[in-house]
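This briefing is meant to be read alongside the sequence and the coordinates. It is organised by topic, beginning with the sheet and ending with the cysteines.

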Amino acid sequence: MRFAGKVAVVTGGSRDIGRAICVKLASEGANIVVNYNSNEKDADATIAEIETAGGKGIKVKADVTKQADVAAIVAASREAFGDRIDILVNNAGGLVARKTLAEMDEEFFNHVMQLNVTSTFLATQAVVPLMGEGSAIVNLASLAGRDGGGGGASAYATAKGAVMTFTRGMAKELGPHGIRVNALCPGMIATTFHDKFTPDAARENVANSTPLRRQGRAEETADAVAYLASDEASFITGANVDINGGLAFS
């Protein structure tokens with residue numbers, strides 16, 4: 001029960017890695033604010049799993065690329081769990097579509113940046129005033145931010161690279177206030193993200209090229225988030241931690 005009595009906000013918490021994070025933190029005592037944007041049924045399923053794990057959670061519909069919506073998440077958290085937030089997990093993001101340089105237009109590029117980078121900035125800015133010493137922020141970056149991503153993923157890779165740099169900058173700025181900031185860089189994790197954007201053959205090739213010879217699981221990513229958010233990682237900040245089965249080393 002590493003997080004007993006603590007409050008955690010998880011953006012994009014309704015499915016896949018986000019859901020696994022919510023359930024993991026709840027299973028160790030945290031009260032969870034589950035942010036979702038479009039699928040309320042998925043958010044309800046996450047809340048149900050939180051309760052099955054013995055935790056408490058609320059769902060908040062919000063577009064985290066909009067400042068007013070992010071403010072609504074914080075307001076809902078304060079109403080439900082009081083005037084403090086101990087953990088922020090910036091999980092919201094996405095590839096949107098695979099497009100080459102010639103296929104992208106300005107609107108698409110900006111949308112990918114807003115979804116992955118602006119959302120992380122807005123949520124961090126809104127939550128930090130409620131954080132005290134010993135609080136933690138965990139951002140979800142990607143192996144793509146290190147290696148440029150697969151075909152048609154340059155905008156996504158660029159955005160995740162920005163998340164990695166933002167993580168380092170916030171670690172320096174917030175460290176004197178006792179707030180740690182780290183990021184995870186997942187490789188091939190078996191989620192609906194890859195169900196949608198990565199062909200089965202490509203996934204199999206990646207798995208076979210990985211020293212552990214498999215894709216990762218959302219629960220394994222959640223375990224790593226929980227470690228970085230816990231006091232066990234009390235001297236780790238500004239780190240972009242790989243979780244990719246040995247596919248790539250930083």
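The points below describe a predicted model, taking the sheet, the helices packed on it, one serine and the cysteines in turn. The central element of this account is an open sheet of seven strands with parallel pairing, on which helices α4 and α6 pack.

**The sheet**

- The seven strands of the open sheet follow the order β3-β2-β1-β4-β5-β6-β7, and their pairing is parallel.
- The edges are taken by β3 (56-61) and β7 (240-243), and because each of these has a single partner strand, one side of each is left without a neighbour in the sheet.
- On average, and with direction ignored, neighbouring strands of this sheet are turned by 20° against each other.
- Between β5 and β6 (residues 180-186) the parallel pairing extends over five bridges, and Ala-136 has Arg-180 in β6 as its bridge partner.

**Helices packed on the sheet**

- Helix α4 (residues 106-127) packs on the sheet, where it touches β4 (87-90) and β5, and its direction makes about 170° with that of β4.
- Helix α6 also packs on the sheet, touching β5, β6 and β7, with its direction at about 160° to that of β6.
- Helix α6 (residues 154-174) has 21 residues, which at 1.5 Å a residue should span 30 Å, and its end C-alpha atoms are 30 Å apart, so the expected and modelled spans agree.
- The buried residues of α6 include Tyr-156, Lys-160, Met-164 and Thr-167, and among them are also the alanines Ala-155, Ala-157, Ala-159 and Ala-171.

**Ser-142 and its surroundings**

- Ser-142 lies in the loop between β5 (136-140) and α5 (144-147), and it counts as buried because its relative accessible area is 8%, where the cut-off is under 20%.
- A polar atom of the Ser-142 side chain lies 3.0 Å from the backbone nitrogen of Ala-144.
- When neighbours within four places in sequence are left aside, Ser-142 is in contact with Tyr-156, Lys-160, Met-164, Leu-184, Cys-185 and Pro-186; of these partners, Tyr-156, Lys-160 and Met-164 are listed among the buried residues of α6.

**Cysteines**

- Cys-22 has 0% relative accessibility and therefore counts as buried.
- Cys-185, one of the residues in contact with Ser-142, is likewise buried, with a relative accessible area of 0%.
- With a disulfide taken as a pair of cysteine sulfur atoms within 2.5 Å, the count of disulfides in the model comes to zero.

Key: Residues numbered from 1 in each chain as written. Predicted model: local features only at pLDDT ≥ 70, side-chain atom pairs only at ≥ 80, totals over all residues. Heavy atoms only, no water. Buried < 20%, exposed > 50% of the residue type's maximum accessible area, 1.4 Å probe, protein only. Helix = DSSP H or I, 4+ residues; strand = E, 2+ residues; numbered from the N terminus. Polar contact = N/O pair within 3.5 Å; in protein donor to acceptor, adjacent residues only side chain to side chain. Contact = heavy atoms within 4.5 Å. Expected span 1.5 Å × (residues − 1). Pairing = 2+ DSSP bridges. Axes fitted to C-alpha atoms, helices over the stretch in contact; angles between N-to-C directions.
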